[in-house]
Amino acid sequence: MPELPEVETIKNELLPYVLGHRIGGVTLFWDGIVRQPSVEEFHARLIGQRIVRLSRRGKYLIFNLTSDDALIIHLKMTGSLLLKPASTEPEKSIRAIIYLDDETGLYFQDPRKLGRMWLAEDTSSVTGKLGPEPLEADFTPEILAQRLHNRSAPIKAVLCDQGFIAGIGNMYADEALFAAKIHPLRSGKSLSRDEVERLHSAIQQVLWAAIGNKGASVDTYLRPGGELGTAHFQFQVAHYLSGKLCPVCGTPIERIPIRNRGSYFCPKCQPSQA
Ligand SMILES: [Zn+2]
């Protein structure tokens, strides 16, 4: 699933190709991809608008339009946004094409049909209340400590909660906890001040590294030009390393389910007690 580094990469790589461009048309191959408003209204309000800003909040892409509407896209598990010449014949997994005024199109590819688009003036009415952005200056160790102090859930689940912190999912939660040497089942509030500082720095470090490597193509993620990201080559424990040995101490990496997601960790480097 695309997480913060993947969505940030898509935003960065699309930006020079979409900013200032007018939306010339939309083709939907599956109407269910539009959550709001109705399909008819979606066409009417989108076509002819110019894209004046492209940003990311959590795992959402936000295209601000001249009309004050924003086109909001969530790629969910298997979505990609590919920039192609508008003459490109769409493959079966393309669910929508947004045509730009320079004979290119944004091809929304999504094999599992879980990705969604919305048009809304108030972005937060779609995204809900998201936690702080982990790479912004106002996300400090103090803020992380404050937000953790009453959380009794496993730290792995807390990190994946978009209302707690925005943009982190299964892969980068596992990587950050490994880098911080914290067991994924420790409760949020049990972390010492020292551990909170290690976790804060590990979160920023793994996310920046992954952005530098243009995201992780462990599954279906593609960059807008169709290239793969290489961030997964730097992963220490995240999911494709099942059965491998810990790169630090050589102990076999273990997998446990937490809230229905596989969590990978080293039982020696990440002890269950502080
Ligand atoms: Zn280890």
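A residue counts as buried under 20% relative accessible area, as exposed over 50%, and as partly exposed in between, using a 1.4 Å probe and protein chains only. This model is predicted: local features need pLDDT of at least 70, side-chain atom pairs count only at pLDDT 80 or more, and totals for chains, interfaces and linings use all residues. Residues are numbered from 1 along each chain as its sequence is written, and side-chain values use heavy atoms, leaving out hydrogens and water.

**First stop: two cysteines**

Select C246, which is buried at 4% relative accessibility. Then select C249, which is partly exposed, with a relative accessible area of 30%. A disulfide is a pair of cysteine sulfur atoms within 2.5 Å; the search of the whole structure finds zero of them.

**Second stop: a sheet of four strands**

Helices (H or I, at least four residues) and strands (E, at least two) are DSSP runs, numbered from the N terminus. Two strands pair if DSSP finds at least two bridges between them. Display β1, β7, β8 and β6, which in that order form an open sheet with antiparallel pairing. The edges are β1 (23-28) and β6 (80-85); each has a single partner strand, so one side of each lacks a neighbour in the sheet. On average, and with direction ignored, neighbouring strands here are turned by 20 degrees against each other.

Next, select residues 94-100 (β7) and 104-109 (β8), which pair in the antiparallel sense over five bridges. Within this pair, I97 has Y107 of β8 as its bridge partner.

Now add helix α1 (residues 4-18), which packs on the sheet and touches β6, β7 and β8. Contact means heavy atoms within 4.5 Å. The direction of α1 makes about 30 degrees with that of β6. Axes are lines fitted to C-alpha atoms, for helices over the stretch in contact, and angles run from 0 to 180 degrees between N-to-C directions.

**Third stop: helix α7 and two partners**

Keep α1 in view and add α7: their axes come within 9 Å and cross at roughly 40 degrees. The two helices are therefore oblique to each other, a term for angles left over once those under 35 degrees count as roughly parallel, over 145 as roughly antiparallel and 65 to 115 as roughly perpendicular. The contact is made by L4, P5, E8 and T9 of α1 with L207, A210 and I211 of α7.

The other partner to select is α4 (residues 141-148), which packs against α7 (residues 193-212) at an angle of about 120 degrees, with the axes 9 Å apart. That angle makes α4 oblique to α7. On the α4 side, P141, E142, L144, A145 and L148 make the contact; on the α7 side, R193, V196, E197, L199 and H200 do.

**Fourth stop: I165**

Select I165, in the loop between α5 (155-160) and α6 (170-180). This residue is buried, with a relative accessible area of 0%. Not counting residues up to four places away in sequence, I165 touches G131, P132, P134, F139, L159 and I203. Its C-alpha atom lies 8.2 Å from that of G58, although 107 residues separate the two along the chain.

**Last stop: helix α6**

Finally, select α6, a mostly covered helix in which ten of eleven residues are buried. Among them are M171, Y172, L177 and F178. The cover over these buried residues includes α1, α5, α7 and β11 (261-265). After α6 comes K181, whose phi is positive, near 60 degrees.
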